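User: Hi! I have a structure open and I'd like some help finding my way around. Can we go through it together?
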Amino acid sequence: MLLDLDISKTMRSGNREFRLDLSYSASNDRLVILGPSGSGKSLLLQMIAGLLKPDSGYLKLAGRTLFDQKQGVNLTPQQRQVAFLFQNYALFPHLSVRQNVAFSLRRGLFNPSTKVASKAVDYWLDNFGLEPVQHQRPHELSGGQRQRTALARALVTEPRALLLDEPFSALDPDLRIHMRKELRELQERLAVPLILITHDVEDVKVFSNETLCLKDGQIDQERQQLLRAAIA
Amino acid sequence: MLLDLDISKTMRSGNREFRLDLSYSASNDRLVILGPSGSGKSLLLQMIAGLLKPDSGYLKLAGRTLFDQKQGVNLTPQQRQVAFLFQNYALFPHLSVRQNVAFSLRRGLFNPSTKVASKAVDYWLDNFGLEPVQHQRPHELSGGQRQRTALARALVTEPRALLLDEPFSALDPDLRIHMRKELRELQERLAVPLILITHDVEDVKVFSNETLCLKDGQIDQERQQLLRAAIA
Amino acid sequence: MESVWIALSLSLKVAGWATALNIVLGIGVGFFLARTRFFGRDLLDTLLTLPMVMPPTVLGYYLLVLVGRKSAFGAWLYDSFGINLIFTWQGAVIAATVVAFPLVFKPARAAFEAVDSELEQAARVLGVSELAIFFRITLPLAWRGILAGVLLAFARALGEFGATLMVAGSIPGKTQTLSIAVYEAVQAGKDDTANMLVVITSMVCVVVLLTASRLAPGRINERAR
Amino acid sequence: MESVWIALSLSLKVAGWATALNIVLGIGVGFFLARTRFFGRDLLDTLLTLPMVMPPTVLGYYLLVLVGRKSAFGAWLYDSFGINLIFTWQGAVIAATVVAFPLVFKPARAAFEAVDSELEQAARVLGVSELAIFFRITLPLAWRGILAGVLLAFARALGEFGATLMVAGSIPGKTQTLSIAVYEAVQAGKDDTANMLVVITSMVCVVVLLTASRLAPGRINERAR
Amino acid sequence: AEVTVSAAASLTNAFKEIAENFEAAYPEHKVLLNFAGSGALLQQIAKGAPVDVFASADQVTMDKAQEQGLLADGSRQDFVQNTVVVITPANSQLELNELIDLQQDALQRLAVSNPESVPVGRYSKQALVTHNLWDALTDKIINTQNVRQSLDYVARDEVDAGFVYATDAAVMADKVKVQFTVPLETVVSYPIAVTKEGSRNELSQQFIDYTFNGESQAVLSKYGFSQP
Ligand SMILES: Nc1ncnc2c1ncn2[C@@H]1O[C@H](COP(=O)(O)OP(=O)(O)OP(=O)(O)O)[C@@H](O)[C@H]1O
Ligand SMILES: Nc1ncnc2c1ncn2[C@@H]1O[C@H](COP(=O)(O)OP(=O)(O)OP(=O)(O)O)[C@@H](O)[C@H]1O
Ligand code: MOO
Ligand SMILES: [Mg+2]
Ligand SMILES: [Mg+2]
């Protein structure tokens, strides 16, 4: 079972409340999450990664319990060992592209040096066309270069799962095609679950053997059935 | 003439150099800029808005000279009076959605109050579905909500031109359709030039009576001709 | 006891004025150093830090030399306006301002440098004047860092006595601030008085600092834009 | 002249140690106050600022009371380890550390609070330990703000004499720092000596501060992520 | 009218009381007192501080004032005397009767104010030099910046003995023990004078005269001073 969850979470800001209330279990190893802007997709992904704590319920990924309120289980993000792509990248501004990508490979209290040698880093930089900008800092990058750097940084580890929040939104169509292919290959090679948020129908076609549609923090049953019918 | 320019600009970071060298004149009032990631689209738009100074050449928008190195003309961003959407939004983190949108309407040394009353602000908040989140700060927004806030902030002024850097990239398909329509109506109502960067073919269909294709800081002649043929 | 209140209000007046002056000067100089680039900028920054490194009494001595009636400046002040700063509370304000100045401008500079310049760019395209950008974007975003310096400066101005004593003297009811009174009480062997005065000063300081940090806007989570 | 060099090296030793201690303590306390939430946090912050508000001589007197042979703590130190801090350069370090401590922790707290917590989150998901996150993300991003405080603290420690004088005495060649020498020269009316010493102190301070701000990493433009 | 009096720190307690009496006797007048070390007071006057009366703790400082032409001619007078004593902590086992006793091994630390800048230090050094003890005692000497610092050290048992004025010892009579009075060649007399600036103010001389009257001298004696 890829994902098995039953969680609720309320976000408050002033008088406004946003309530996420989900019970879902996915059986495929690739899940695409769809839904209008503000429906809770990113919040859900953050909870899976351990960046946000659900108010109650439980959350299992690939058979491992990540969170269970009743049992008092709540793994730290470090323990969850997932690759996570932030919707707005969260690149480290004081490190170059190369250092950002190599970040998780270097253990200990120091950051990788600007010239850190690593096959994995070279591979992803090259593959994502970042080789020419590898010594630039994030603020010297174009939007798409930033997104690719963030993706490379997430993928360079050998994670237990891939959680990607709109990974191709800032890329041109050609790059998207190339990177979708790369990502699919990686997922199949590592044989780990992939959960992907997107607004792009192409992504749905390439990745999904299963989709989850959200709306206002809940499952959009109507659309869910429609899609299931379409696939079947 | 919508846009008439002949500029060059070199960006340096360490040993790497990126050179933008463009001579182009557009005659239609809607221009879509296309091109692979890192081809210089955002840099060009920033130069039109006055956020980046070309090394040499000149730049005219809607008949007005914004920059001319020989004549020593270089209007400030304030004087250019354009609506500009930053690729990464650049929302003011200390102001609520409503205050962000109302920002340019309030002159003087103080920011608009949290309850600032304004028809124009109400209109755009409502139209972009931001009314429920209007009192939230940018860090409490979803990605698409942020993008819509940034767009509303840019459009609320009555600008002399609309410069938008991938305005719909973080939105779901339904919202994109709605907002494209809104934007087109606004552009026709104000009768000002619109320059738009996008990776979405739909945008090209809806907006473009003219496209500019960039590649490595230059005009992509090949593709340019291909597209011209397709339109004709 | 009454004399304590007089000293207290004098202290607050002096520290208040010195802090107000330093808010203007320190923020101004800090912003200038953060946003302009010129040869010798870091040297200037360091030179402006020097009031910190001088023993206050010595600093006070130099101020005395500078604004005393025997100096060109002091003489001019006196001849033109009849102003004599020595032995006045205004003199104490000058001493406290000079002593506390580095505490404001240095953290202010660092705070200004940490402000994301893209946000200022965004405000520029929105047609807002440079002055308005400073007050509406830059200052609010730098404010937490600046406040740390301002509060330190207030505390320092309240506690300052070395330079003040030299310039303003220690005239009860006129220029004797609380901390000078503390010093004097210690000198005169009146430990109880000294302890009491220290407790009062500390309490006043705590109240002022707490109020200031409450009134100031909270942490802006810039987490995501 | 030789005595000047002795005083100078002593001053640098004392200020250097005090700064080193304050880097550890100030950054630690600043980080703690920035990242934990508890009742009375702001009160604690304010109380820790109080060394600023006390006239250094008075602070020195309290330190004397605290670590002197007659105090419980001082007696314990002496009986257990044979350590007597009074009249030693280590005593001077303690005095200078206490006096300069608020200058480090307060700007450090503000700088830590300005660090985008999402970046720490990003490092967490990348599997890096909390300690490593502190050293690899938080500290580098807060560093400019912290540095401002550290440099102020160094200058203050170098210039401090009121509290030092009380705790360490003024034993030429042993505990007489440069600024105490300056003070004595001024008191003795030896203006020339005083001026020379002030120039030396200032030059040393300028050199140290300039070097420190050169060595420190430059402004990180967080403009766009 | 007002009269501004700059007085040496050691006169703080006494002068406050005298000023109160003066104001009580002449309610129409007001005395502004300014206390600091004698050296600092001189510098203030030299740089143009509006001071009418200057009372110094020693002759040297007053001499400097006179040399710099800061005093009104002929107004200088000695108005009170002090003595220098050697004190020990109240519970000290030491028994000291004369300067030579300071050499004993049981006495490790001796607080002496800085002879360069502090009057009491100058007197202490003079006495030790005269008795050929200065060099021998150098290693034991803890240099202090003012009398009060010496007093604190003794009171808190940080030094074994110290040189202070009798008036200072009186302030902490419960914590320190006066061992003996230091024999001096010169009398420790405090001079008082009208400044140049103060010569225009009638009150200046009036205040100085007041310090000589019986009531004021009684106040001074109360704080340990003796008659000139
Ligand atoms: N820190 C917060 N405080 C309060 N409300 C929040 C916070 N973060 C998110 N929200 C609200 O939760 C809702 C869901 O946010 P989420 O980021 O999950 O949306 P999303 O589905 O990812 O949308 P998008 O496609 O626009 O990125 C939004 O309405 C948002 O305003
Ligand atoms: N401050 C800078 N310093 C150095 N190089 C820069 C800087 N800013 C941008 N560049 C480089 O200029 C090139 C063009 O950048 P630009 O942002 O215009 O790309 P773009 O066409 O908008 O791409 P995208 O679709 O990915 O946003 C990129 O290769 C980028 O690395
Ligand atoms: O009264 Mo004095 O001048 O401090 O010895
Ligand atoms: Mg999202
Ligand atoms: Mg771009």
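User: How much area do chain C and chain D bury between them?
Analyst: In this predicted model, chain C and chain D bury about 5100 Å² between them. Carbon and sulfur atoms account for 64% of that area.

User: And how many residues of each chain are in contact there?
Analyst: On one side 58 residues of chain C take part, and they are in contact with 60 residues of chain D. Eight pairs of chains touch, and the pair of chains C and D has the most contacts among them.

User: Nice. How many salt bridges cross between chain C and chain D?
Analyst: The rule finds two salt bridges across that interface. One to look up is between the side chains of D:Glu113 and C:Arg144, with N to O at 2.4 Å.

User: Why would two side chains pair up like that?
Analyst: Side chains of opposite charge can pair when their charged atoms come close.

User: OK, and how many residue pairs are in polar contact across chain C and chain D?
Analyst: Four residue pairs are found there, counting pairs with both residues at pLDDT 80 or more. As for the elements on the side of chain C that touches chain D, those giving two or more residues include α2 (41-49), α5 (89-114) and α7 (130-159) of chain C.

User: Which element gives the most to that side of chain C?
Analyst: That is α10(C), with 10 residues. By class, the side of chain C that touches chain D has 32 nonpolar residues, along with 11 polar and 15 charged ones.

User: Let's move to another interface. How many residues of chain D are in contact with chain A?
Analyst: There, 26 residues of chain D are in contact with 27 residues of chain A. The area buried between these two chains is about 2400 Å², and carbon and sulfur atoms give 64% of it.

User: What about salt bridges between chain D and chain A, how many are there?
Analyst: The rule finds zero salt bridges across that interface. What you do get is 11 residue pairs in polar contact, with both residues at pLDDT 80 or more.

User: Which elements of chain D should I look at on that side?
Analyst: Look at α6 (117-125) and α7 (130-159) of chain D, the elements that give two or more residues to the side touching chain A. The largest share comes from α7(D), with nine residues. Sorted by class, that side of chain D has 15 nonpolar, four polar and seven charged residues.

User: And chain E, how far is chain E from chain A?
Analyst: No contact joins chain A and chain E, and their closest C-alpha atoms lie 45 Å apart. Chain B and chain E have no contact between them either, with closest C-alpha atoms 44 Å apart.

User: Back to salt bridges for a second. How many are there over all chains?
Analyst: The count comes to 42 over all chains. One inside chain D pairs D:Asp45 with D:Lys106, where the closest N and O atoms are 2.5 Å apart. D:Asp45 lies in helix α2 (residues 41-49) and D:Lys106 in helix α5 (residues 89-113) of chain D, so the pair ties together parts that are 61 residues apart in sequence.

User: Cool! Now the ligands. Where does ligand 1 lie?
Analyst: Ligand 1 lies between chains A and B. There are 22 residues around it, and those that come nearest are A:Ser37, A:Gly38, A:Ser42, B:Ser142 and B:Gly144.

User: Which atoms sit by the oxygen atoms of ligand 1?
Analyst: Here are three. The side chain of A:Ser42 has an N or O atom 2.6 Å from an oxygen atom of ligand 1. For A:Leu43, a backbone N or O atom is 2.9 Å from an oxygen atom of the ligand, and for A:Arg16 a polar side-chain atom is 3.0 Å from one.

User: How much of ligand 1 does the protein cover?
Analyst: On its own, ligand 1 has 640 Å² of accessible area, and the protein covers 93% of that. The shell around ligand 1 has 13 polar, five charged and four nonpolar residues.

User: Last one: which residues are around ligand 3?
Analyst: They are E:Ala8, E:Ala9, E:Ser10, E:Gly37, E:Ser38, E:Ala57 and E:Pro119. E:Ser10 has a polar side-chain atom 2.5 Å from an oxygen atom of ligand 3, and E:Ser38 has a polar side-chain atom 2.5 Å from an oxygen atom of the ligand too. This shell has four nonpolar residues, three polar ones and no charged ones.

Terms used
Residues numbered from 1 in each chain as written. Chains lettered and ligands numbered in written order. Predicted model: local features only at pLDDT ≥ 70, side-chain atom pairs only at ≥ 80, totals over all residues. Heavy atoms only, no water. Contact = heavy atoms within 4.5 Å. Buried area = accessible area lost by both parts, 1.4 Å probe. Salt bridge = Lys/Arg side-chain N within 4 Å of Asp/Glu carboxyl O. Polar contact = N/O pair within 3.5 Å; in protein donor to acceptor, adjacent residues only side chain to side chain. Helix = DSSP H or I, 4+ residues; strand = E, 2+ residues; numbered from the N terminus. Nonpolar A, V, L, I, M, F, W, Y, C, P; charged D, E, K, R; others polar. Near = heavy atom within 4 Å. Areas by Shrake-Rupley, 256 points an atom, 1.4 Å probe, with all protein chains shown as cover.
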